[in-house]
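Student: I have a model open on my screen, and I would like to understand the words people use for it. Could we go through them together?

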Amino acid sequence: MTTSHYIAGHWVEGQGSDCISVNDPALGQPFAELMAASVSQVDQAVAAARSALPAWKSTCASERAAFLRGFAEQLGQRREALVTLQMRNNGKPRHEAEIDLDDAIATFGYYAELAEQLPSKNCTVPLAAPGFTARTRLEPVGVVGLIVPWNFPLVTSAWKLAPALAAGCTVVLKPSEVTPLIEQAYGQIADALGLPAGVLNIVNGKAETGAALSNHNGLDKLSFTGSNSVGSQVMRSASAQCRPVTLELGGKSAIVVFDDCDVDQAVEWIVAGISWNAGQMCSATSRLLVQDGIADALLPRLQAALENLRVGNPLTEEVDMGPLTSQAQWLKVASYFATAREEGLQCLAGGHALDREGWFVSPTLYTDVPKDSRLWTEEIFGPVLCARRFASEEQAIAEANDSRFGLVATVCSADLERAERVADALEVGHVWINSVQAVFVETSWGGTKGSGIGRELGPWGLSAYQSVKHVTRCLG
């Protein structure tokens, strides 16, 4: 049994009713267990964050920046252990786990730099009216709850934790019950750096723990990344208390391939967009829109590329794609394979679970998928790609935008003017042109429509944890 809750600067055992099994998805077997935090322990964590807030928000910006750089350095020192844990608990291939860790390190370094710039953001505001002066102060929003998902643990938590600490907030972090171990590194690092007790608190658990945190009246803000179904519950909790939220939710993103593309290059971008993290990404480009003039050449090569992906256990094999992270997700993807058979979809590759131990599925491609198919409209969260053909630029834009989601998109074209024009017309939060999904900490992350509220990363990520105060003084 693992002790996994970090409250007020101390590691404590869980007192909740849920026992959490931590699984190796390549084997379909547990390798650790922990008891969830109780509702009372969530109360304790929020109280600790509340108690630590006055001193932490008064800490000079350069001191907070030093702590953030310490997090980045300590993550690097734990590199092999964290990469291996990602491979074992998430099923990520080594190269993906390494990129995740580098992303987390870069995030803490970036927000250390922004923290050092905070004093200059408090500035005088010119007024047209005589006889008054005004100035702006950017202040921490207060105590924040951070609820993070299982598909990118360590990374998503860094995207929230680093800007929150930089702004001067104190936090209660709840990792996913599917991947509860890796975020323990943040508590261990807090101990190593001497971060003041209560500034960072970590509580693990299932739905009961998450509800206790999202409903807690001691929070000033909550930031959630996860499914739309849970996100709507979080939003209802926030509305009951008129509390601000940041929500990063689902996606059903399009990749648009025009007929002037190099076919092999286009295949590379398409495969990366659907197979990274075994397709378990809110940003997975799972809807392929391919222009008529290139479709007949592209689809067979895409089929071959998907069939040639090496799928296996990342701890024992050189693989391109690992297993799905949980049995629940494996069963969900399998249900979509069954739906595809019921709908009579044309399957060019995959379309089935793999006959081996663990939670593996085949990289899958369906073609000429109707727009009313559940596989075209619903987020599957697996390596399942649905393709349709289009004739014109206008049709491609219309079909790409015909979704209740609006997170990301990719445009592939040798005509860069057209690519930029299409990118501007797409109703999403982030567009890649002729690229894999490279995410940089300096850019924003978040979507439109049903893909969420607010933005993470970049200066927008810091602003999410700040409130704006104006001080106006009469000179008379």
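Student: What volume does the largest cavity have?

Tutor: This is a predicted model, and in it the largest cavity comes to about 80 Å³. Of its 16 lining residues, Arg287, Ala400, Phe405, Val408 and Val428 are the closest to the centre.

Student: What makes it a cavity and not a pocket?

Tutor: A cavity is space where a 1.4 Å probe fits but cannot get out, whereas a pocket is open. By this rule there are 5 cavities of 30 Å³ or more.

Student: Which elements supply at least two residues each to the lining of the largest cavity?

Tutor: Those are helix H14 (393–401), strand S16 (405–406) and strand S17 (408–412). By residue class, the lining has 8 nonpolar, 4 polar and 4 charged residues.

Student: And what lines the second largest cavity?

Tutor: That cavity has a volume of about 70 Å³. Its lining includes Gly251, Lys252, Ile274, Glu379 and Phe381. The split here is 6 nonpolar, 4 polar and 2 charged. Gly251 goes with the polar residues because Gly is put in that class.

Student: How much space lies in the second largest pocket, and which element gives the largest share of its lining?

Tutor: The second largest pocket holds about 260 Å³ of space. Among its lining residues are Lys57, Arg64, Leu118, Arg137 and Glu139. Helix H2 (61–77), helix H5 (118–121) and strand S5 (132–140) each give two or more residues to that lining, and S5 gives the largest share, with 4 residues. The lining residues divide into 6 nonpolar, 2 polar and 4 charged.

Student: Let's turn to a single residue. Why is Glu248 called buried?

Tutor: Buried means under 20% relative accessible area. Glu248 has 5%, so Glu248 is buried. You will find Glu248 in strand S10 (residues 245–248). Setting aside neighbours within four places in sequence, its contacts include Phe224, Cys282, Leu407, Trp445 and Glu456.

Student: What does UniProt say about Glu248?

Tutor: An unreviewed UniProt entry places the feature "active site" there. Such annotations may be inferred rather than shown by experiment. For "domain: Aldehyde dehydrogenase", UniProt lists residues 11–471, again in an unreviewed entry. Over residues 11–471 the chain is 42% helix and 20% strand, with the end C-alpha atoms 42 Å apart.

Student: Why is Ser435 called partly exposed?

Tutor: Partly exposed lies between the 20% and 50% cut-offs. Ser435 is at 21% relative accessibility, so Ser435 counts as partly exposed. Ser435 is in the loop between S18 and strand S19 (448–449).

Student: How do you know that Ser435 and Trp269 come together in space?

Tutor: Along the chain they are 166 residues apart, while their C-alpha atoms are separated by 6.4 Å. Ser435 is also in contact with Trp269, and with Thr410. Contact means heavy atoms within 4.5 Å, a cut-off on heavy atoms rather than on C-alpha atoms.

Student: What about Gly454: what makes that residue partly exposed?

Tutor: The same cut-offs, 20% and 50%, apply. Gly454 has 34% relative accessibility, so Gly454 counts as partly exposed. Gly454 is found in the loop between strand S20 (452–453) and helix H16 (458–463). Not counting residues up to four places away in sequence, Gly454 touches Trp445 and Gly446.

Student: How do you know that the buried residues of helix H15 line one face?

Tutor: In H15 (residues 416–425), the buried residues are Arg418, Ala419, Val422 and Ala423. Looking down the axis of H15, these buried residues fall within an arc of 135°, so they line one face of the helix. On the other side of H15, Glu417 and Asp424 are exposed. An α-helix has 3.6 residues a turn, so residues three or four places apart point the same way.

Student: What covers the buried residues of H15?

Tutor: The cover includes strand S12 (287–291), H14, S17 and strand S18 (430–433). H14 and S17 also each supply at least two residues of the lining of the largest cavity.

Technical notes
Residues are numbered from 1 along each chain as its sequence is written. This is a predicted model: local features need pLDDT of at least 70, side-chain atom pairs count only at pLDDT 80 or more; totals for chains, interfaces and linings use all residues. Side-chain values use heavy atoms; hydrogens and water are left out. On a 1 Å grid over the protein atoms alone, a cavity is a set of points where a 1.4 Å probe fits but cannot get out, and a pocket is an open set with protein on both sides within 12 Å along at least five of seven lines; lining residues have an atom within 4 Å of a point. Grid points are joined across faces, edges and corners, and a volume is the space filled by probe spheres set on the points. Buried means under 20% relative accessible area, exposed over 50%, partly exposed in between (1.4 Å probe, protein chains only). The arc is that of the directions from the helix axis to the C-beta atoms.
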